[in-house]
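Here's a quick briefing to read alongside the model. Have the sequence and the 3D view open as you go.

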Amino acid sequence: QVQVVESGGGLVQPGGSLRLSCAASGFTFSYAAMSWYRQAPGKERELVASITSIGGTNYADSVKGRFTISRDNAKNTVYLQMNSLKPEDTAVYYCRRSLGSNDHWGQGTQVTVSS
């Protein structure tokens, strides 16, 4: 079964940094493009960043230049390095296979940016 487990969220001040991790199992990770999504209270889930099987990346305009997505195929893990965090980055962050339209959403990890 396809499974992802997000971790690394927490409370951070504006301008601070946080690194999220997503540990994956149940599929051939090295062949899969992976994405990070987030959902803020009262808002729809949005795509934040994606990384292809060979390391190509894409970012939402709102996070470009501040966030970096990466992967370690030996560890079946994808990361999201978040720098210069803003209050509007507050959300539950989820990871998922980019093409996994039938994959279930996990519980995500909460990121709160506040003074």
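What pattern does the protein follow, read along the sequence? It goes β-β-β-β-β-β-β-β-β-β, with 0 helices and 10 strands (DSSP runs numbered from the N terminus: H or I of at least four residues for helices, E of at least two for strands). This is a predicted model, where local features need pLDDT of at least 70 and side-chain atom pairs count only at pLDDT 80 or more, while totals for chains, interfaces and linings use all residues. Residues are numbered from 1 along each chain as its sequence is written, and side-chain values use heavy atoms, leaving out hydrogens and water.

**Overall build**
- The radius of gyration, taken over C-alpha atoms, is 13 Å, which agrees with the value near 13 Å for a compact globule of 115 residues (rule: 2.2 Å times the number of residues to the power 0.38).
- Some 41% of the 115 residues count as buried (under 20% relative accessible area, 1.4 Å probe, protein chains only).

**Strand 1**
- Val4 and Glu6 point to one face of strand 1 (residues 3-7) and are buried, while Gln3, Val5 and Ser7 point to the other and are not.
- Strand 1 pairs antiparallel with strand 3 (residues 18-25) over 5 bridges; pairing takes at least two DSSP bridges.
- Across that pairing, Ser7 stands opposite Ser21 in strand 3.

**Core**
- The largest nonpolar core (buried Ala, Val, Leu, Ile, Met, Phe, Trp, Tyr and Cys joined through side-chain atoms within 4.5 Å) has 29 residues.
- Strand 3 gives the most to this core, with 4 residues.
- Among the residues with the most contacts inside the core are Trp36, Leu80 and Tyr93.
- Leu80 touches both Trp36 and Tyr93 (contact: heavy atoms within 4.5 Å).

Definitions and conventions
Buried means under 20% relative accessible area, exposed over 50%, partly exposed in between (1.4 Å probe, protein chains only). Lists of a residue's contacts leave out its neighbours within four places in sequence.
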